[in-house]
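Please look over the sequence and the model before reading on, and keep both in view while the paragraphs below lead you from one part to the next.

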Amino acid sequence: MPVGDAALAGGSALAGAPAPGEPGSSQPPPNPVVDVFVEVSPSTVQPGYLVGIKASCRDNSIPAIVVSDAFGRVQVQPQRGLLTASPMVRERTRPGNYRVKLECRDGETASTMLQVVKAVKPSRGPATGFGGGGAGGFTGGLLVPGGIALTIAGLVVAVVALRRPRTVRGSNRG
């Protein structure tokens, strides 16, 4: 019998057998691999800011607990097949790395790290135009004095024009 015919014969013999997990099967259904995990986003944050927590236990239909020294103890709630929460990092949290631990109802745990950094004050930003004082500082330094000089020059021209004697047209002076 050619190889192709043997494969077809074998396939037709197996077609009537129940698949694993179906009624009449002696094999248990395959156990899907469920990841137990916890994630924080962003993973680096300043004190006083919110972090998003996304977690998963074997049963995501019931809440679980997430604990960290950075924000305390929070309950993650079922949402779209995952467990989520958005706690705020405490204002007095010192810079450093903090463990974030998920505690599932069935006793399983997972953890990740959250980095808390010192609050930084924003910088002025780059000098890219007149809004920041001029690109090189040279033209910005001339704007005000140049404007004052033009205003004074305009006033001088106006005063001179007003003091000039006027001639009346159409009159004959003798």
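A good place to begin is Glu39, which has a relative accessible area of 38% and is therefore partly exposed, since that label covers values between 20% and 50%. Please bear in mind throughout that this is a predicted model, and that what is said about Glu39 and every other residue rests on computed values. Which residue forms a salt bridge with Glu39? The partner is Lys54, and the closest N and O atoms of the two are 3.8 Å apart. Because Glu39 belongs to strand E1 and Lys54 to strand E3, their pairing ties together parts of the chain that are 15 residues apart in sequence. Lys54, like its partner, counts as partly exposed, with a relative accessible area of 37%.

In general terms, side chains of opposite charge can pair when their charged atoms come close. A search through the whole structure finds 2 salt bridges, and the other pair to look for is Arg58 with Glu108, whose side chains meet at 3.2 Å from N to O. This pair links distant parts of the chain, for Arg58 sits in the loop between E3 and E4 while Glu108 sits in the loop between E7 and E8, 50 residues apart. Arg58 has a relative accessible area of 47% and is thus partly exposed, and Glu108, at 25% relative accessibility, is also placed in the partly exposed class.

It helps now to step back to the overall layout. The protein chain contains 2 helices and 8 strands, and anyone reading along the sequence meets them in the pattern α-β-β-β-β-β-β-β-β-α. Of the contacts between residues at least 6 apart in sequence, 49% join residues that are at least 24 apart. Buried residues account for 20% of the 174 residues in the chain, and the chain exposes about 13,100 Å², of which carbon and sulfur atoms supply 58%.

From this layout we can turn to the interior. In soluble globular proteins, nonpolar side chains tend to be buried together. Here the largest nonpolar core has 23 residues, and Val38, Ile53, Val66, Phe71, Val76, Leu102 and Leu114 are those with the most contacts inside it. At least two residues of this core come from each of the strands E1, E3, E4, E5, E6, E7 and E8. Val38 gives a sense of how these parts meet, for, when residues up to four places away in sequence are left out, Val38 touches Ile53, Lys54, Ala55, Val66, Val100, Leu102, Ala110, Ser111 and Thr112. One of these contacts, Lys54, is the residue already met as the salt-bridge partner of Glu39.

Strand E4 offers two residues that can be followed one after the other. Is Val67, which lies in strand E4, buried or exposed, or does Val67 fall in between? With a relative accessibility of 26%, Val67 counts as partly exposed. Its C-alpha atom is separated by 6.6 Å from that of Leu102, although the two residues are 35 apart along the chain. Apart from neighbours within four places in sequence, Val67 is in contact with Gly72, Arg73, Arg99, Val100, Lys101 and Glu103. Ser68 is also found in strand E4, but Ser68 has a relative accessibility of 4% and so counts as buried. Its side chain reaches the backbone nitrogen of Ala70 at 3.1 Å, and, with residues up to four places away again set aside, Ser68 touches Tyr98, Arg99 and Val100.

A loop residue can be buried as well, as Thr93 shows: this residue is found in the loop between E6 and E7, and at 9% relative accessibility Thr93 counts as buried. The side chain of Thr93 reaches the backbone oxygen of Arg90 at 2.9 Å, and beyond four places in sequence Thr93 touches Pro47, Ala70, Tyr98 and Val116.

Finally, not every nonpolar side chain in this model is hidden from the surface. Leu143, Val144, Ile148, Ile152, Val156 and Val160 form a nonpolar patch on the surface, and together they have about 560 Å² of accessible area. Val156, one of these residues, has its place in helix H2, which covers residues 138–163, and its relative accessibility of 47% is why Val156 counts as partly exposed.

Terms used:
Residues are numbered from 1 along each chain as its sequence is written. This is a predicted model: local features need pLDDT of at least 70, side-chain atom pairs count only at pLDDT 80 or more; totals for chains, interfaces and linings use all residues. Side-chain values use heavy atoms; hydrogens and water are left out. A nonpolar core is a set of buried Ala, Val, Leu, Ile, Met, Phe, Trp, Tyr and Cys residues joined through side-chain atoms within 4.5 Å. Buried means under 20% relative accessible area, exposed over 50%, partly exposed in between (1.4 Å probe, protein chains only). Helices (H or I, at least four residues) and strands (E, at least two) are DSSP runs, numbered from the N terminus. Contact means heavy atoms within 4.5 Å. A polar contact is a pair of N or O atoms within 3.5 Å; within protein, one must be able to donate a hydrogen and the other to accept it, and residues adjacent in sequence count only if both atoms are side-chain atoms. Patches are made of residues with over 30% relative accessible area and no salt bridge: like charges are joined within 9 Å, nonpolar side chains (Val, Leu, Ile, Met, Phe, Trp, Tyr) within 5 Å. Accessible areas come from the Shrake-Rupley method with a 1.4 Å probe; for residues, only the protein chains shown count as cover. A salt bridge is a side-chain nitrogen of Lys or Arg within 4 Å of a carboxyl oxygen of Asp or Glu.
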